[in-house]
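Me: I would like a close look at a single part of this protein, the sheet together with the helices that cover it. Please tell me also how far the model can be trusted.

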Amino acid sequence: PLIEQLPDGVEVITIEYPRDKLLDNDTLVALVEDRVPLGKPHVVVAESFSGPIAVRYACQRQRDVKALVLCGSFLKNPLPTALQALPLVANSMVFALPMPAPMARTFLVGLDAGPNLIRKVQEAVAAVQSGVLAAGVRPLATVDVSEQCRQLEMPVLYLQASNDRLVGLRGAEQVKRSLPRADIRQIEAPHLMLQTRPSEAINAIATFLKETYKLQDSTPAS
């Protein structure tokens, strides 16, 4: 939905992770690097679990990445303290079951989501092998890119979904601690805001980029 509503002339490179094999984080970062030509200025938009990958990628491509946008994402385990070990017990049997519509509505796309969107979410989850999903969730327990985030030189925008029942406020708080200069803006949306509120997300990103680069252009040269 987000890509469909982008203005004409905006070139988009979509990075899709493999559905049938597990790649560790180092390999995923390399996969992203391979897809984006070196020396090509661009803005990185990363949602949810892709945030830590995007932070590491942006650190390695500081010259090319002109802005980083994190949407409902996090820098380290975003679960409440009592549940932070939960990803370690994820297993393929759980992910082999179809995602129930109430779960999709509660944690991903909102209670007002229509059947078409629910079906798309269920199909997207079902398209990934259950073992890959389970193994991909486990590193969530120990992921931490807080230090890498402090190394970022480009402008950073964090879009926080006001009705996010998966990450909640924790993702924005993590970014604020590691990168106080980051711009944090809120959108009235569930966790998957790019799929449910694409227009609002595009407007927020466009406003951020216009304000950021207008401010930079007006700064006298030293």
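Reply: Before turning to the sheet, one stretch should be set aside: over residues 218-222 the pLDDT (the predictor's confidence in each residue, from 0 to 100) stays under 50, and the model has zero contacts there beyond four places in sequence, a contact being heavy atoms within 4.5 Å. Where pLDDT is low, the predicted coordinates should not be read in detail. For the protein as a whole the mean pLDDT is 86, with 84% of the residues at 70 or more.

This is a predicted model, in which local features need pLDDT of at least 70 and side-chain atom pairs count only at pLDDT 80 or more, while totals for chains, interfaces and linings use all residues. Residues are numbered from 1 along each chain as its sequence is written, and side-chain values use heavy atoms, with hydrogens and water left out.

The sheet is open and has four strands in the order β1-β2-β3-β4, paired in parallel; two strands pair if DSSP finds at least two bridges between them, and helices (H or I, at least four residues) and strands (E, at least two) are DSSP runs numbered from the N terminus. At its edges lie β1 and β4 (183-187), each of which pairs on one side only, and from one strand to the next the twist averages 20°.

Six bridges join β1 (residues 42-47) to β2 (residues 65-71) in the parallel sense, and Val 43 has Ala 67 in β2 as its bridge partner. Strand β3 (residues 156-161) is likewise parallel to β4, through five bridges, and here Ala 161 is partnered with Ile 187 in β4.

Helix α2 (residues 51-60) forms a right-handed β-α-β unit with β1 and β2, where right-handed means that, with the strands pointing away from the viewer, the path from the first strand over the helix to the second runs clockwise. This helix lies across β1 and β2 and runs at about 165° to β2, angles being taken from 0 to 180 degrees between N-to-C directions of axes, which are lines fitted to C-alpha atoms, for helices over the stretch in contact.

Nine of the ten residues of α2 are buried (under 20% relative accessible area, 1.4 Å probe, protein chains only), among them Ile 53, Val 55, Arg 56 and Tyr 57. The buried residues of α2 pack against α1 (25-35), β1, β2 and α7 (146-150).

Another helix, α8 (residues 170-178), lies across β2, β3 and β4 and runs at about 160° to β3.

Terms used:
Buried < 20%, exposed > 50% of the residue type's maximum accessible area, 1.4 Å probe, protein only.
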